[in-house]
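Open the model in your viewer and keep a selection tool at hand. The stops below are meant to be taken in order.

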Amino acid sequence: MDAPHNTLFLRFEGVLQAWGSNEGKFVIRRSAGAPTKSGVAGLLCAALGIGRNEAPKYWLPILAGMSIGVRIDRPGIRWWDFHTVGAGLRMRKAEFKEPKSPDMVGETLAAKAQPSDIKFKNETLLTRREYLSDASFLVALQGEPDIVAQLYNAIQEPKWTLYLGRKACPPSRPVSERGTAYFMTLEEALASVPVRQRVKGESCPDTLPCVLDWIPAHDGDSAPDDAEIHYDVPVSFQPPSHLPRFVIRRELALSPEAKASPVPWTKPWYPPRPRADYNNGDYKKVRAERLVMDNGLCVVCKAHATTVQHVDYRRAGGNEEPEDLRALCRLCHDACTMLEYGSGMTMHRIDPCDPQWRDRILAKRAEIVKFRSLEQRRRKMKPEEENG
(Lines give C-alpha, C1' and ligand atoms only; values in the text may rest on other atoms or scores of the structure.)
Protein backbone atom coordinates (compact mmCIF):
# COMPACT_ATOMS: atom_id res chain seq x y z
CA MET A 1 0.00 0.00 0.00
CA ASP A 2 1.37 3.40 -0.98
CA ALA A 3 2.20 5.79 1.83
CA PRO A 4 -0.01 8.91 2.03
CA HIS A 5 1.40 11.86 0.15
CA ASN A 6 3.29 14.19 2.46
CA THR A 7 4.99 16.43 -0.14
CA LEU A 8 3.50 19.22 -2.21
CA PHE A 9 5.42 20.43 -5.27
CA LEU A 10 5.11 23.99 -6.56
CA ARG A 11 6.65 25.43 -9.71
CA PHE A 12 7.48 29.14 -9.62
CA GLU A 13 8.43 30.41 -13.06
CA GLY A 14 7.62 33.69 -14.76
CA VAL A 15 8.92 36.75 -16.52
CA LEU A 16 9.38 38.47 -13.14
CA GLN A 17 9.45 37.31 -9.53
CA ALA A 18 10.07 39.19 -6.29
CA TRP A 19 10.49 37.59 -2.85
CA GLY A 20 10.82 40.08 -0.04
CA SER A 21 13.45 39.61 2.65
CA ASN A 22 14.34 41.31 5.90
CA GLU A 23 16.88 43.37 3.92
CA GLY A 24 14.11 45.06 1.94
CA LYS A 25 12.85 48.44 3.12
CA PHE A 26 9.82 50.42 2.04
CA VAL A 27 11.68 52.77 -0.28
CA ILE A 28 14.19 50.16 -1.55
CA ARG A 29 12.51 46.78 -1.96
CA ARG A 30 15.15 44.12 -2.51
CA SER A 31 14.31 40.55 -3.52
CA ALA A 32 15.68 37.36 -2.01
CA GLY A 33 17.45 35.01 -4.40
CA ALA A 34 14.81 32.28 -3.95
CA PRO A 35 11.19 32.01 -2.75
CA THR A 36 10.86 32.69 0.97
CA LYS A 37 8.72 30.75 3.41
CA SER A 38 6.58 33.83 3.99
CA GLY A 39 6.14 34.37 0.23
CA VAL A 40 5.08 30.75 -0.30
CA ALA A 41 2.66 31.01 2.62
CA GLY A 42 1.14 34.16 1.13
CA LEU A 43 0.61 32.44 -2.22
CA LEU A 44 -1.04 29.44 -0.54
CA CYS A 45 -3.31 31.70 1.53
CA ALA A 46 -4.37 33.44 -1.69
CA ALA A 47 -5.22 30.05 -3.19
CA LEU A 48 -7.29 29.23 -0.10
CA GLY A 49 -8.99 32.63 -0.12
CA ILE A 50 -7.62 33.52 3.34
CA GLY A 51 -7.25 37.25 4.02
CA ARG A 52 -4.40 38.98 5.85
CA ASN A 53 -6.35 39.35 9.09
CA GLU A 54 -7.68 35.77 9.12
CA ALA A 55 -4.40 34.03 8.22
CA PRO A 56 -2.78 34.07 11.73
CA LYS A 57 -5.80 32.39 13.34
CA TYR A 58 -5.29 28.97 11.71
CA TRP A 59 -3.28 28.69 8.52
CA LEU A 60 -0.10 30.62 9.27
CA PRO A 61 0.89 28.38 12.24
CA ILE A 62 0.29 25.31 10.05
CA LEU A 63 2.27 26.66 7.09
CA ALA A 64 5.05 27.87 9.38
CA GLY A 65 5.38 24.35 10.77
CA MET A 66 5.80 22.70 7.36
CA SER A 67 9.30 21.97 6.04
CA ILE A 68 10.28 23.76 2.84
CA GLY A 69 13.00 23.26 0.26
CA VAL A 70 13.69 25.22 -2.92
CA ARG A 71 15.59 23.92 -5.94
CA ILE A 72 17.04 26.72 -8.06
CA ASP A 73 16.66 25.57 -11.66
CA ARG A 74 17.41 29.09 -12.94
CA PRO A 75 18.46 31.92 -10.60
CA GLY A 76 17.28 34.60 -13.03
CA ILE A 77 18.70 38.06 -13.64
CA ARG A 78 18.25 40.82 -11.07
CA TRP A 79 16.40 43.84 -12.43
CA TRP A 80 15.36 47.13 -10.88
CA ASP A 81 12.25 49.19 -11.50
CA PHE A 82 10.77 52.38 -10.05
CA HIS A 83 7.28 52.65 -8.57
CA THR A 84 5.31 55.57 -7.22
CA VAL A 85 3.24 55.18 -4.07
CA GLY A 86 0.61 57.54 -2.73
CA ALA A 87 -0.98 59.27 -5.73
CA GLY A 88 -1.66 62.53 -3.91
CA LEU A 89 -0.71 61.36 -0.41
CA ARG A 90 -0.24 64.27 2.00
CA MET A 91 3.39 63.95 3.09
CA ARG A 92 5.34 65.96 5.63
CA LYS A 93 8.02 68.10 4.06
CA ALA A 94 10.52 70.32 5.90
CA GLU A 95 11.14 73.69 4.31
CA PHE A 96 14.63 74.09 5.83
CA LYS A 97 17.22 75.92 3.81
CA GLU A 98 20.67 74.54 3.18
CA PRO A 99 22.98 75.08 6.22
CA LYS A 100 25.51 77.86 5.68
CA SER A 101 27.87 76.91 8.52
CA PRO A 102 28.63 73.87 10.76
CA ASP A 103 26.79 75.39 13.73
CA MET A 104 23.55 75.29 11.73
CA VAL A 105 23.58 71.48 11.37
CA GLY A 106 21.95 68.86 13.58
CA GLU A 107 20.54 69.69 17.00
CA THR A 108 21.19 73.41 16.66
CA LEU A 109 19.17 73.62 13.48
CA ALA A 110 16.40 71.40 14.91
CA ALA A 111 16.19 73.63 17.99
CA LYS A 112 15.63 76.68 15.80
CA ALA A 113 12.89 74.93 13.79
CA GLN A 114 9.40 76.32 14.11
CA PRO A 115 6.15 74.41 13.47
CA SER A 116 5.58 76.60 10.46
CA ASP A 117 8.75 75.19 8.89
CA ILE A 118 7.14 71.76 8.53
CA LYS A 119 4.48 71.69 5.86
CA PHE A 120 2.36 69.08 4.14
CA LYS A 121 2.40 68.67 0.39
CA ASN A 122 0.39 66.44 -1.94
CA GLU A 123 2.86 64.26 -3.82
CA THR A 124 3.86 60.66 -4.47
CA LEU A 125 6.64 58.63 -2.91
CA LEU A 126 9.15 57.11 -5.31
CA THR A 127 10.22 53.55 -4.43
CA ARG A 128 12.85 51.31 -6.02
CA ARG A 129 12.05 47.62 -6.41
CA GLU A 130 14.14 44.62 -7.36
CA TYR A 131 12.94 41.64 -9.42
CA LEU A 132 14.26 38.28 -10.59
CA SER A 133 13.80 38.01 -14.34
CA ASP A 134 13.41 34.64 -16.13
CA ALA A 135 13.94 32.63 -12.93
CA SER A 136 12.58 29.13 -12.27
CA PHE A 137 12.24 27.43 -8.87
CA LEU A 138 10.92 24.07 -7.73
CA VAL A 139 9.46 24.27 -4.20
CA ALA A 140 8.76 21.22 -2.03
CA LEU A 141 6.59 21.50 1.10
CA GLN A 142 6.31 18.61 3.55
CA GLY A 143 3.62 18.24 6.18
CA GLU A 144 0.59 16.23 7.25
CA PRO A 145 -1.01 14.38 4.29
CA ASP A 146 -4.47 15.88 4.84
CA ILE A 147 -3.01 19.41 4.87
CA VAL A 148 -0.95 18.65 1.74
CA ALA A 149 -4.07 17.39 -0.04
CA GLN A 150 -6.07 20.45 0.98
CA LEU A 151 -3.35 22.80 -0.26
CA TYR A 152 -3.04 20.93 -3.55
CA ASN A 153 -6.78 21.19 -4.18
CA ALA A 154 -6.64 24.92 -3.43
CA ILE A 155 -3.78 25.42 -5.90
CA GLN A 156 -5.75 23.56 -8.56
CA GLU A 157 -8.70 25.94 -8.18
CA PRO A 158 -7.40 29.08 -6.41
CA LYS A 159 -9.88 31.46 -4.84
CA TRP A 160 -7.74 34.49 -5.66
CA THR A 161 -5.20 35.22 -8.37
CA LEU A 162 -1.75 33.77 -7.69
CA TYR A 163 1.33 35.98 -7.95
CA LEU A 164 5.03 35.26 -7.61
CA GLY A 165 5.68 37.63 -4.73
CA ARG A 166 4.08 40.80 -6.15
CA LYS A 167 0.99 41.54 -8.19
CA ALA A 168 3.14 42.50 -11.17
CA CYS A 169 4.52 38.92 -11.29
CA PRO A 170 2.04 36.34 -12.64
CA PRO A 171 3.33 32.78 -13.20
CA SER A 172 4.04 31.66 -16.77
CA ARG A 173 3.64 27.95 -15.99
CA PRO A 174 1.08 26.13 -13.81
CA VAL A 175 2.08 26.39 -10.15
CA SER A 176 0.77 22.87 -9.45
CA GLU A 177 2.32 21.07 -12.42
CA ARG A 178 3.93 18.27 -10.31
CA GLY A 179 1.14 17.43 -7.85
CA THR A 180 1.91 15.56 -4.61
CA ALA A 181 3.94 12.49 -3.60
CA TYR A 182 5.56 10.75 -0.62
CA PHE A 183 9.24 11.27 0.20
CA MET A 184 11.29 10.72 3.33
CA THR A 185 13.29 13.95 2.97
CA LEU A 186 13.18 17.24 1.10
CA GLU A 187 16.41 16.32 -0.72
CA GLU A 188 14.86 13.14 -2.12
CA ALA A 189 11.77 15.06 -3.22
CA LEU A 190 13.67 17.81 -5.03
CA ALA A 191 16.13 15.37 -6.61
CA SER A 192 13.33 13.26 -8.11
CA VAL A 193 11.86 15.90 -10.44
CA PRO A 194 13.32 16.11 -13.97
CA VAL A 195 14.57 19.42 -15.33
CA ARG A 196 12.80 21.01 -18.28
CA GLN A 197 14.99 21.64 -21.32
CA ARG A 198 15.30 25.32 -22.26
CA VAL A 199 16.34 24.55 -25.83
CA LYS A 200 16.05 21.43 -27.95
CA GLY A 201 18.82 18.92 -27.19
CA GLU A 202 19.98 20.64 -23.97
CA SER A 203 21.79 18.27 -21.60
CA CYS A 204 20.56 17.72 -18.06
CA PRO A 205 22.81 19.14 -15.27
CA ASP A 206 24.35 16.78 -12.73
CA THR A 207 23.62 19.03 -9.76
CA LEU A 208 21.49 22.05 -8.93
CA PRO A 209 21.72 24.48 -5.99
CA CYS A 210 19.00 24.30 -3.39
CA VAL A 211 17.97 26.03 -0.16
CA LEU A 212 16.61 23.72 2.55
CA ASP A 213 15.14 24.00 6.02
CA TRP A 214 17.69 22.74 8.51
CA ILE A 215 15.89 20.04 10.49
CA PRO A 216 17.75 18.70 13.57
CA ALA A 217 18.00 14.91 13.68
CA HIS A 218 17.81 14.90 17.49
CA ASP A 219 16.75 17.34 20.17
CA GLY A 220 19.60 19.58 21.17
CA ASP A 221 21.50 19.27 17.87
CA SER A 222 23.43 22.38 16.91
CA ALA A 223 23.05 23.96 13.51
CA PRO A 224 26.01 23.45 11.15
CA ASP A 225 28.56 26.22 10.77
CA ASP A 226 27.38 27.08 7.26
CA ALA A 227 23.72 27.42 8.27
CA GLU A 228 22.05 30.77 7.57
CA ILE A 229 19.32 32.54 9.52
CA HIS A 230 16.38 33.71 7.44
CA TYR A 231 13.73 35.89 9.05
CA ASP A 232 10.84 34.68 6.92
CA VAL A 233 8.67 32.40 9.08
CA PRO A 234 5.30 34.19 8.91
CA VAL A 235 3.53 35.09 12.12
CA SER A 236 1.28 37.83 10.75
CA PHE A 237 0.74 39.54 7.40
CA GLN A 238 -0.98 42.62 8.85
CA PRO A 239 1.21 44.00 10.33
CA PRO A 240 4.14 42.00 8.89
CA SER A 241 5.80 39.86 11.55
CA HIS A 242 8.31 37.05 11.08
CA LEU A 243 10.37 34.62 13.12
CA PRO A 244 13.83 33.24 12.19
CA ARG A 245 14.69 29.78 10.86
CA PHE A 246 17.90 27.96 9.97
CA VAL A 247 18.48 27.15 6.32
CA ILE A 248 21.33 25.36 4.57
CA ARG A 249 22.51 25.63 0.98
CA ARG A 250 23.51 22.45 -0.83
CA GLU A 251 24.41 21.25 -4.31
CA LEU A 252 21.68 18.71 -4.99
CA ALA A 253 22.55 15.67 -7.12
CA LEU A 254 19.62 14.72 -9.34
CA SER A 255 18.37 11.15 -9.14
CA PRO A 256 19.28 8.79 -12.03
CA GLU A 257 15.59 8.65 -13.01
CA ALA A 258 15.35 12.46 -13.20
CA LYS A 259 18.53 12.70 -15.28
CA ALA A 260 17.42 9.91 -17.61
CA SER A 261 14.07 11.52 -18.41
CA PRO A 262 14.36 15.32 -18.66
CA VAL A 263 11.19 17.15 -19.63
CA PRO A 264 11.60 17.51 -23.41
CA TRP A 265 11.70 20.88 -25.09
CA THR A 266 8.39 21.86 -26.63
CA LYS A 267 7.65 24.54 -29.17
CA PRO A 268 6.22 27.65 -27.47
CA TRP A 269 2.43 27.79 -27.65
CA TYR A 270 0.73 30.88 -28.94
CA PRO A 271 -3.02 31.43 -28.79
CA PRO A 272 -4.65 30.93 -32.19
CA ARG A 273 -5.97 34.00 -33.93
CA PRO A 274 -7.71 34.57 -37.27
CA ARG A 275 -5.46 35.32 -40.23
CA ALA A 276 -6.29 36.78 -43.61
CA ASP A 277 -6.61 34.30 -46.48
CA TYR A 278 -6.23 36.32 -49.65
CA ASN A 279 -7.00 33.31 -51.88
CA ASN A 280 -10.32 32.60 -50.21
CA GLY A 281 -13.26 32.99 -52.60
CA ASP A 282 -15.58 34.55 -50.02
CA TYR A 283 -12.90 37.09 -49.10
CA LYS A 284 -12.44 38.05 -52.77
CA LYS A 285 -16.17 38.71 -53.11
CA VAL A 286 -16.24 40.97 -50.03
CA ARG A 287 -13.05 42.70 -51.21
CA ALA A 288 -14.67 43.51 -54.58
CA GLU A 289 -17.80 44.73 -52.82
CA ARG A 290 -15.75 47.06 -50.61
CA LEU A 291 -13.91 48.52 -53.60
CA VAL A 292 -17.28 49.31 -55.22
CA MET A 293 -18.56 50.87 -51.98
CA ASP A 294 -15.54 53.21 -51.92
CA ASN A 295 -15.94 54.03 -55.64
CA GLY A 296 -12.62 52.37 -56.43
CA LEU A 297 -10.73 55.21 -54.72
CA CYS A 298 -8.28 55.24 -51.82
CA VAL A 299 -10.12 56.56 -48.77
CA VAL A 300 -7.02 58.58 -47.76
CA CYS A 301 -5.52 60.18 -50.88
CA LYS A 302 -8.34 59.50 -53.42
CA ALA A 303 -5.92 57.81 -55.83
CA HIS A 304 -6.97 54.65 -57.67
CA ALA A 305 -7.51 51.91 -55.06
CA THR A 306 -5.60 48.71 -55.79
CA THR A 307 -6.04 46.90 -52.47
CA VAL A 308 -8.02 46.89 -49.23
CA GLN A 309 -7.06 47.30 -45.59
CA HIS A 310 -8.30 45.07 -42.77
CA VAL A 311 -9.47 47.32 -39.94
CA ASP A 312 -10.61 44.31 -37.89
CA TYR A 313 -9.27 40.73 -37.96
CA ARG A 314 -11.96 39.06 -35.86
CA ARG A 315 -13.61 37.54 -38.95
CA ALA A 316 -10.47 37.25 -41.09
CA GLY A 317 -9.93 34.14 -43.18
CA GLY A 318 -13.09 34.16 -45.29
CA ASN A 319 -15.77 35.43 -42.93
CA GLU A 320 -15.11 39.14 -43.47
CA GLU A 321 -17.91 41.67 -43.77
CA PRO A 322 -17.62 44.86 -45.88
CA GLU A 323 -17.26 46.98 -42.72
CA ASP A 324 -14.07 45.05 -41.87
CA LEU A 325 -12.27 46.45 -44.95
CA ARG A 326 -11.32 49.83 -46.44
CA ALA A 327 -10.18 50.60 -50.01
CA LEU A 328 -6.61 51.93 -50.25
CA CYS A 329 -3.86 52.52 -52.75
CA ARG A 330 -0.71 50.50 -52.25
CA LEU A 331 1.26 53.41 -50.81
CA CYS A 332 -1.33 54.30 -48.17
CA HIS A 333 -1.73 50.61 -47.35
CA ASP A 334 2.02 50.35 -46.70
CA ALA A 335 1.87 53.46 -44.50
CA CYS A 336 -0.98 51.97 -42.44
CA THR A 337 0.84 48.65 -42.08
CA MET A 338 4.02 50.34 -40.86
CA LEU A 339 2.07 52.35 -38.27
CA GLU A 340 0.26 49.21 -37.10
CA TYR A 341 3.43 47.20 -36.57
CA GLY A 342 5.07 50.16 -34.85
CA SER A 343 2.12 50.38 -32.44
CA GLY A 344 1.96 46.64 -31.71
CA MET A 345 -1.64 46.29 -32.90
CA THR A 346 -3.19 42.80 -33.11
CA MET A 347 -6.88 42.17 -33.84
CA HIS A 348 -8.09 45.74 -34.17
CA ARG A 349 -6.13 47.79 -36.71
CA ILE A 350 -6.04 51.33 -38.06
CA ASP A 351 -9.24 52.64 -39.63
CA PRO A 352 -7.95 55.04 -42.35
CA CYS A 353 -11.35 56.77 -42.36
CA ASP A 354 -10.83 57.87 -38.76
CA PRO A 355 -9.73 61.55 -38.78
CA GLN A 356 -7.29 61.02 -35.92
CA TRP A 357 -5.11 58.80 -38.16
CA ARG A 358 -5.13 60.94 -41.30
CA ASP A 359 -2.12 63.17 -40.54
CA ARG A 360 -0.04 60.25 -39.32
CA ILE A 361 -0.83 58.18 -42.42
CA LEU A 362 0.07 61.07 -44.73
CA ALA A 363 3.33 61.70 -42.82
CA LYS A 364 4.32 58.05 -43.02
CA ARG A 365 3.33 58.01 -46.70
CA ALA A 366 5.67 60.95 -47.39
CA GLU A 367 8.45 59.19 -45.48
CA ILE A 368 8.02 56.08 -47.63
CA VAL A 369 8.11 58.14 -50.83
CA LYS A 370 11.30 59.87 -49.75
CA PHE A 371 12.99 56.63 -48.80
CA ARG A 372 11.99 54.84 -51.98
CA SER A 373 13.15 57.76 -54.11
CA LEU A 374 16.55 57.72 -52.44
CA GLU A 375 16.80 53.96 -52.81
CA GLN A 376 15.97 54.13 -56.50
CA ARG A 377 18.65 56.79 -57.00
CA ARG A 378 21.19 54.67 -55.15
CA ARG A 379 20.56 51.74 -57.46
CA LYS A 380 21.27 53.92 -60.51
CA MET A 381 24.44 55.48 -59.12
CA LYS A 382 27.88 54.14 -59.92
CA PRO A 383 29.84 52.65 -56.96
CA GLU A 384 32.38 55.51 -56.96
CA GLU A 385 29.58 58.09 -56.89
CA GLU A 386 27.81 56.34 -54.01
CA ASN A 387 30.98 56.10 -51.92
CA GLY A 388 31.82 59.71 -52.61
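Select Arg71 and Leu190 and show the side chain of Arg71: it reaches the backbone oxygen of Leu190 at 2.8 Å. This is a predicted model. Keep Arg71 selected and add Asp73, since the two side chains make a polar contact at 2.7 Å. Arg71 is found in strand 3, residues 67-74. Is Arg71 buried or exposed? Its relative accessibility is 0%, so Arg71 counts as buried, the cut-off being under 20%.

Next, select Thr185, in the loop between strand 6 (180-181) and helix 5 (186-191). Thr185 has a relative accessible area of 31% and is therefore partly exposed, a class that lies between 20% and 50%. Add Ala140 and draw a distance between the two C-alpha atoms: Thr185 and Ala140 are 45 residues apart along the chain, and these atoms are separated by 9.9 Å.

Now turn to helix 1, residues 37-48. How far apart should the ends of its 12 residues be? At 1.5 Å a residue, the expected span is 16 Å, and the end C-alpha atoms are 16 Å apart, so the two values agree. Colour the helix by accessibility: 10 of its 12 residues are buried, so helix 1 is mostly covered. Among the buried residues are Lys37 and Ser38, as well as Val40, Leu43, Leu44 and Cys45. Step on to Gly49, which follows helix 1 and has a positive phi, near 80°.

From the helix, move to the nonpolar interior. In soluble globular proteins, nonpolar side chains tend to be buried together. The largest nonpolar core here has 41 residues. To find its most connected members, select Leu10, Phe12, Leu44, Phe137 and Leu151, which have the most contacts inside it. At least two residues of this core come from each of strand 1 (7-17), helix 1, helix 2 (59-65), strand 3, strand 5 (118-142) and helix 4 (145-156). Helix 1 supplies the largest share, 8 residues.

Centre the view on Leu151 and show its surroundings. Which residues does Leu151 touch, leaving aside those up to four places away in sequence? They are Leu8, Leu44, Leu48, Trp59, Leu63 and Met66.

For the last stop, select Phe9, Ala227, Ile248 and Leu252. They are among the 16 residues of another core, which lies apart from the largest one.

How values were computed
Residues numbered from 1 in each chain as written. Predicted model: local features only at pLDDT ≥ 70, side-chain atom pairs only at ≥ 80, totals over all residues. Heavy atoms only, no water. Helix = DSSP H or I, 4+ residues; strand = E, 2+ residues; numbered from the N terminus. Buried < 20%, exposed > 50% of the residue type's maximum accessible area, 1.4 Å probe, protein only. Polar contact = N/O pair within 3.5 Å; in protein donor to acceptor, adjacent residues only side chain to side chain. Core = buried A, V, L, I, M, F, W, Y, C linked by side-chain atoms within 4.5 Å. Contact = heavy atoms within 4.5 Å. Expected span 1.5 Å × (residues − 1).
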